[in-house]
Amino acid sequence: MLKLDTSKARPFLQADWAELKAEASVAEKFLKDRTGAGNDFLGWIDLPENYDKDEYARIQAAARKIKEDSDVLVVVGIGGSYLGARAVIEALRPLVGPAKDGYPEIWFAGNQISSTYLNNLIRALEGRRFSINVISKSGTTTEPAIAFRVLKKLLEDKVGKEEAARRIYATTDKARGALKKLADKEGYECFVVPDDIGGRYSVLTAVGLLPIAAAGIDVDALMQGAADMRRLILDNPGNHPAIEYAALRNGLLRQGKQVEILANYEPGLHFVSEWWKQLYGESEGKDGKGIFPASVDLTTDLHSMGQFIQDGNRILMETVIRIAHSSEPVVLGAEAEDLDGLNYLAGRDMDFVNESAMRGTQLAHLDGGVPVSVISLETLNAHSLGALLYFFEFACGISGYILGVNPFDQPGVESYKKNMFALLGKPGFEAAGEELRKRL
Ligand code: PA5
């Protein structure tokens, strides 16, 4: 399954490794015994085994219907109600060219407030049959609510209110909130964001699974991968990759490595890094603490960020996601005239070149004072990705407890919302709006 190699990063540690791991074991126990802060948000721990099987079947039925009646599924959501689905879909579907096998395209909206983007999407939907999956746990988040209001009207104008209601799927709280109310009124099929699972931990609920299944990705394999990783972790307390990762990154933080870069050598993993950044940033960045999660796509960013990583402020640690084998190797041929000087690689496949770039970069960064760990997956598929997601989730819970924060709340997210509402003139925010306008 997944392998974590910290052997080249650990020599950087000033603290004793056994002591760090012992500390991580205490944090792991908090998580498993559900005695730590935020323990009412631990529904994700057993999710790969313990999920609503009826809803799971409804998700697959909805995905089949969307395949039948839509060329595009527009997924409307932001943050934890968006990034997990995008991470899995972009990792496992072709990044260039059309979706294959008759599955719909999956397009995303409501993850910013750009009218340019929304107009672009609306124009691209012209002449295409589409469905909408609107996802919001609270049901009141501004970005998706605005996009949904516009897209709902577009769909209703196109196919009529009744048919639109059959093509809109709402993923939200089981009983509360504006979206649930609207969905019940309009008769949309509803899927549930469980009470005990926060947005950033929700990829294996309907939040992620409906768009992922609609994209034609094997959700059984995704869940199985997560279940296998869960088993490995629960069966080996104190001795599994998640605890090692959590212990290492906290040890390095204490030595001033305040930024962790997640690096990939596979462009499809770009949004896995975005998902990871939310998971770790929102879980740990509080009370003046935390490791800043950053990411790079390599070798692309070696030509832009490589200089800083090699040679800039030494506050960095790096974690590489390595895919050992790609599914379709590209073998380089020989040219009669070796003008580009690449004939020495004739007969080699691009995996060899990518792996050599990765290994060479790892050693260069180690020489530059950046501790580098490597997470290896044999191949990138639904099973290995499920394992990777669960690994990061579990490690994040442990890591947050080592750090001494509640990894399952996000109080800081409200500040920008209050200011935005005040500046927008939302009823109830008038006085705050006046104050803010004076400061602008
Ligand atoms: O993790 C979180 O809590 C946030 O990223 C939310 O998921 C995000 O703000 C979207 O919230 P909601 O699902 O309520 O629309």
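This passage describes the ligand site and one buried threonine in a predicted model.

The ligand is surrounded by 13 residues. Five of these come nearest: Ser 81, Ser 136, Thr 141, Gln 278 and Glu 282. Sorted by class, the shell holds 9 polar residues, 3 charged residues and 1 nonpolar residue. The ligand takes up the space of the second largest pocket.

Polar atoms of the protein approach the oxygen atoms of the ligand at several points. One such atom belongs to the side chain of Thr 141, and its distance to a ligand oxygen is 2.5 Å. Thr 141 is also among the residues that come nearest to the ligand. The backbone takes part as well. A polar backbone atom of Lys 137 lies 2.7 Å from an oxygen atom of the ligand. For Gly 80, a polar backbone atom is found 3.0 Å from a ligand oxygen. The ligand on its own has 380 Å² of accessible area, and the protein covers 86% of that area.

Attention now turns to Thr 171. This residue is part of strand S5, which spans residues 168-172. The relative accessibility of Thr 171 is 0%. A residue counts as buried under 20%, so Thr 171 is classed as buried. The side chain of Thr 171 has a polar partner: a polar contact of 3.1 Å links this side chain to that of Asn 133.

Notes. Residues are numbered from 1 along each chain as its sequence is written. This is a predicted model: local features need pLDDT of at least 70, side-chain atom pairs count only at pLDDT 80 or more; totals for chains, interfaces and linings use all residues. Side-chain values use heavy atoms; hydrogens and water are left out. A residue is near a molecule or strand if one of its heavy atoms lies within 4 Å of it. A polar contact is a pair of N or O atoms within 3.5 Å; within protein, one must be able to donate a hydrogen and the other to accept it, and residues adjacent in sequence count only if both atoms are side-chain atoms. Accessible areas come from the Shrake-Rupley method with a 1.4 Å probe; for residues, only the protein chains shown count as cover. On a 1 Å grid over the protein atoms alone, a cavity is a set of points where a 1.4 Å probe fits but cannot get out, and a pocket is an open set with protein on both sides within 12 Å along at least five of seven lines; lining residues have an atom within 4 Å of a point. A molecule sits in a cavity or pocket if more than half of its atoms lie within 2 Å of its grid points. Ala, Val, Leu, Ile, Met, Phe, Trp, Tyr, Cys and Pro count as nonpolar, Asp, Glu, Lys and Arg as charged, and the others, Gly among them, as polar. Helices (H or I, at least four residues) and strands (E, at least two) are DSSP runs, numbered from the N terminus. Buried means under 20% relative accessible area, exposed over 50%, partly exposed in between (1.4 Å probe, protein chains only).
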